[in-house]
Amino acid sequence: MSTLEQLQAVIDKSQRIVFFGGAGVSTESGIPDFRSVDGLYNQKYDYPPEQILSHTFFEKHTDEFYRFYRDKMLCLDKQPNQAHLKLAELEQAGKLLAVVTQNIDGLHQAAGSRRVYELHGSVLRNHCRRCRKFYSAEFIKNSKGVPTCDCGGVIKPDVVLYEEGLDDSTVNGALSAIMQADTLIIAGTSLTVYPAAGFIRYFEGDTIVLINRDKTPFDRQADLVFHDKVGELLGQIVVNPSSSLFALVLSVGFSAVTTYSAASRLSHAVLCSPRYASSILSVTALGLVILSALCRMLMASGTVSSLSPPTIITGVSVALIALTAEVSDLSPNKK
């Protein structure tokens, strides 16, 4: 069996972690899974849960669907557990590239994660099938019978039912993240639900970590295997900020300085006049605008998950120091 120290070492060295999670991630928040002994699929209903959660059943027995859905699928009072919180912390530190989840509870976002690919949708989003008006999960929970829109259309949860396909943009984003990852953490899933379980075949990185209460068909292929509760294990991890994040921000700062330097030298050569000072101020502003834009581009592209305020301030401060030195060096009054 793998050890916590081995897991800590893997996370410390990783710069692009992707987390692939299933129902077992949220059981510690009090949300039942599906296939365990006390899971939804082993409880007794008038219809099997697999049948109730199908597109055909929704179309033919919408009222019965919503009775089950309100009773078992809308767990709106549940809170993120240690697994959700630790993943958000890893993303904030610049080490986690994305979360790919089969869950529909929205707890990753509630914990603070920003880049989350919800393969099976979310109970927090509901739309009228006729006019596409949005409705909250609370509206569905408090409605009676089949919830309908003001226009008379039936409201449908934004969850992927059996017989329905996954969203193309979500699939593409998830696969792209997995292919970029250097470490893939698979947790809380039996790896038996397809096509989602097939996503892990796209991983081309260094290390696969598998965390699941029970054994899975993938245990032998993983580098580290833990048969533990996901939250209890991840909660023991110490998050050390990515060293590459700091270096990246500094490099962005110096890129802005280089741009400023070239532009200011040109302005000095061409505008060696009383207007020199205003030219320098203009180019200084340009350099800082470039710095800000590059930081935003890095965050938006997912090169880093997020930039903390202290890291940004440090990068900007270094840039300003270099800018000040450059202005002093180029001053026409310098002897």
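In the predicted model, Arg 125 and Asp 158 form a salt bridge in which the closest N and O atoms are 2.7 Å apart. This pair links distant parts of the chain, with Arg 125 in strand S4 and Asp 158 in strand S6, 33 residues apart. Both side chains fall in the intermediate class of accessibility: Arg 125 is partly exposed at a relative accessible area of 29%, and Asp 158 is partly exposed at 30%.

The two strands that carry this pair belong to an open sheet of three strands, ordered S5-S4-S6, with antiparallel pairing. Strands S5 (134–135) and S6 (155–159) occupy the edges and have a single partner strand each, so one side of each lacks a neighbour in the sheet. Strand S4, spanning residues 121–128, is joined to S6 by five bridges; within this pairing, Asn 126 has Pro 157 of S6 as its bridge partner. Helix H4 (residues 62–73) packs on the sheet through contacts with S4 and S6, and its direction makes about 45 degrees with that of S6.

Eight salt bridges are present in the structure. One of them joins the side chains of Lys 133 and Asp 150, at 2.9 Å from N to O. Lys 133 is located in the loop between S4 and S5, and Asp 150 in the loop between helix H7 (137–142) and S6, so the contact ties together parts 17 residues apart in sequence. Lys 133 is partly exposed at 38% relative accessibility, whereas Asp 150 is exposed at 69%. In addition, Asp 63, Glu 64 and Arg 67 are joined into one network by salt bridges that share partners.

A further salt bridge, with an N to O distance of 3.4 Å, connects the side chains of Lys 86 and Glu 89. These residues are three apart in helix H5, and therefore about one helical turn separates them. Lys 86 is buried, with a relative accessible area of 12%, while Glu 89 is partly exposed at 36%. Helix H5 (residues 82–92) also contains His 84, which is buried with a relative accessible area of 0%. Beyond its sequence neighbours up to four places away, His 84 touches Val 25, Ser 26, Ser 29, Leu 107, His 108, Ala 111 and Ser 113.

Parallel pairing occurs around strand S7 (residues 183–187), of which five of five residues are buried. Thr 183, Ile 185 and Ala 187 point one way from S7, and Leu 184 and Ile 186 the other way. Five bridges connect S7 in the parallel sense to strand S1 (residues 17–21), where Phe 19 stands opposite Ile 185. Strand S8 (residues 207–211) likewise pairs with S7 in the parallel sense over five bridges, and Ile 208 of S8 is the bridge partner of Leu 184.

Methods. Residues are numbered from 1 along each chain as its sequence is written. This is a predicted model: local features need pLDDT of at least 70, side-chain atom pairs count only at pLDDT 80 or more; totals for chains, interfaces and linings use all residues. Side-chain values use heavy atoms; hydrogens and water are left out. Two strands pair if DSSP finds at least two bridges between them. Helices (H or I, at least four residues) and strands (E, at least two) are DSSP runs, numbered from the N terminus. Contact means heavy atoms within 4.5 Å. Axes are lines fitted to C-alpha atoms, for helices over the stretch in contact, and angles run from 0 to 180 degrees between N-to-C directions. Buried means under 20% relative accessible area, exposed over 50%, partly exposed in between (1.4 Å probe, protein chains only). A salt bridge is a side-chain nitrogen of Lys or Arg within 4 Å of a carboxyl oxygen of Asp or Glu.
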